[in-house]
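Student: Could you take me through one part of this structure in detail? I would like to see how a single helix sits among its neighbours, and then how the rest of the chain fits around that picture.

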Amino acid sequence: MQNKYLYSLLSINIIFIIYTINFLFQNEYLPSPFLYDKNDTFMDFFNPLYWAYNDFRYTIWNSVYPPLSFLILKFINILSGSISAPDPFLLREVSSNIKYIIFLIFLVLPALVIYNYDKQEFLLKKKIIIYFIFITSLPFLFTLERSNLIIFSLPLLSVLFTKDNHLLKIFCISLLINLKPYFILLIISYIIQEKWKILVKILLTSLLVYLITTIALGSNIFAFLLNFSGFNTNIFSLREIMSLPSSITNFSILIENYKDIPVPELFNIINILIYF
C-alpha cells in the first residue's frame, strides 16, 4: 500500500515536469513558482561566488550570506580550477566545470542521505523510489534552478534527526545556523524542553564557527550581522523583485520607485513585464 502512494507521488512529479517543459518551450521561460527572469538561473550560486572574492561583499553588495557560505563557494571554485570573471553573469557563462559540480552535488547529496537512512522498513527499492520523488519534486527543482546553497543542509539535517549523539547535534545545528541563519529556529525545541545547557552550547558553538569563518574569509566581524539585522526587500534590485512570481507587492514597489530607476534597469523590468 505504501509503495502505491509513493508511485502516485512520483507520477504527480513527472506530470509537473512534463508541464514545465511544455510551458518552457511555448513561453521561453519557466512557470511559477520559478523566477520569470530567464537570465537569473543559477545566480543564487554565481552571485555569491563572484562576491566571495570581493572585499566589498558586505558593504556594496549588502550580502546576507554568512561567511561560511562564501568559504564553501571558494572551495567548490578551487575544485573546478579557480575560475574568475569581471561580473557574476560572465562567471556563470565561463564556468562549465562548476555547473557540472553543482549538478553532481544536487544529485549525490540526496542519494547519500536517503541511502544512509537505516530504518528496517526502508528497503533499497523504497529508497530508490523516495530518491526519485525527491529529485523530481518542485522544491528540489526550484532549488536546483536557483542553485541555492540550502542543498548543503541536507546531510546536516539528516545527522541532526537520525543520530543520538548530542555533541554531533550541537555541531550540526551550529553549522546550519552559519549556513542559513533562519535555522536558528531549531533551538526552539530546546527552549520548550528547557535544555538550557545544550542551548548555551549551541549558541557558543555557533558563535565560534562564525568567528572562525569570518576570520578565514578576512571579513569584518560585524559586517554580516549589520546586514542581516536590516534584512528586507531593499537588498534586492528592482529587476530581481519584478522577476519573482507576480504579486501586488512587486508592482507597488515598481510604482513607488519608478522615478528613481536608471534607464537600463527600467528596460530590464519592461522586458520581464512583456512575458506576463
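Tutor: Happy to. Let us start with a cut-off: a residue counts as buried when its relative accessible area is under 20%. T214, with a relative accessible area of 0%, is therefore buried. Keep in mind that this is a predicted model, and that every value below is computed from it.

With that cut-off in hand, here is the part I would pick: helix α2, which covers residues 43-51. Eight of its nine residues are buried, so the helix is largely enclosed by the rest of the structure. The buried ones are M43, D44, F45, F46, N47, P48, L49 and W51. Notice that the list includes D44 and N47 as well as F45 and F46.

What does D44 pair with? Its side chain and that of R146 are joined by a polar contact of 2.9 Å. R146 belongs to helix α7, residues 138-146. At a relative accessible area of 6%, R146 falls under the 20% cut-off and is therefore buried too. Leaving out residues up to four places away in sequence, R146 touches L35, D40, T41, F42, M43, D44 and F45. Three members of that list, M43, D44 and F45, are also among the buried residues of α2.

F45 makes a good next stop. With the same sequence neighbours left out, F45 touches L73, I76, I98, I102, R146, S147 and L149. R146 thus has contacts with F45 and a polar contact with D44.

F45 also leads us into the nonpolar interior. In soluble globular proteins, nonpolar side chains tend to be buried together. Here the largest nonpolar core has 55 residues, and those with the most contacts inside it are F45, F46, I151, F152 and I202. Helix α5, residues 96-115, supplies the largest share of this core, with eight residues. Two of the contacts of F45, I98 and I102, fall within the residue range of α5.

From α5 we can step across to helix α8, residues 153-162. The two helices pack at an angle of about 10°, and their axes are 9 Å apart. Angles under 35 degrees count as roughly parallel, and α5 and α8 are therefore roughly parallel to each other. On the α5 side the contact is made by L109, P110 and V113, and on the α8 side by L154, P155 and S158. By class, that contact has five nonpolar residues, one polar residue and no charged residues.

Next, look at the loop that leads into α2. The loop between α1 and α2 holds P33, and the peptide bond from S32 to P33 is cis, with omega near 15°. E28 lies in this loop as well; it has a positive phi of about 65° although it is not a glycine. A second residue of this kind is E194, whose phi is about 55°. E194 sits in the loop between α10 and α11 and, at 56% relative accessibility, counts as exposed.

Helix α11, residues 196-217, brings us back to T214. Outside its close sequence neighbours, T214 touches P67, S219, N220 and I221. P67 falls within the residue range of helix α3, residues 67-80, where K74 is also found. K74 in turn touches A52, Y53 and L217, again leaving out residues up to four places away. K74 and Y53 are 21 residues apart in sequence, yet their C-alpha atoms are 8.1 Å apart in space.

For a contrast with the buried residues, try Y7 in helix α1, residues 2-27. Y7 is partly exposed, with a relative accessible area of 39%. Its contacts beyond four places in sequence are with K125 and I129. Y7 and I133 are 126 residues apart in sequence and 8.5 Å apart in space, C-alpha to C-alpha.

Finally, the setting for all this is a chain with 15 helices and zero strands. Buried residues make up 43% of its 276 residues. Among contacts with a separation of 6 or more, 65% come from residues 24 or more positions apart.

Terms used. Residues numbered from 1 in each chain as written. Predicted model: local features only at pLDDT ≥ 70, side-chain atom pairs only at ≥ 80, totals over all residues. Heavy atoms only, no water. Buried < 20%, exposed > 50% of the residue type's maximum accessible area, 1.4 Å probe, protein only. Helix = DSSP H or I, 4+ residues; strand = E, 2+ residues; numbered from the N terminus. Polar contact = N/O pair within 3.5 Å; in protein donor to acceptor, adjacent residues only side chain to side chain. Contact = heavy atoms within 4.5 Å. Core = buried A, V, L, I, M, F, W, Y, C linked by side-chain atoms within 4.5 Å. Axes fitted to C-alpha atoms, helices over the stretch in contact; angles between N-to-C directions. Parallel < 35°, antiparallel > 145°, perpendicular 65-115°, else oblique. Nonpolar A, V, L, I, M, F, W, Y, C, P; charged D, E, K, R; others polar.
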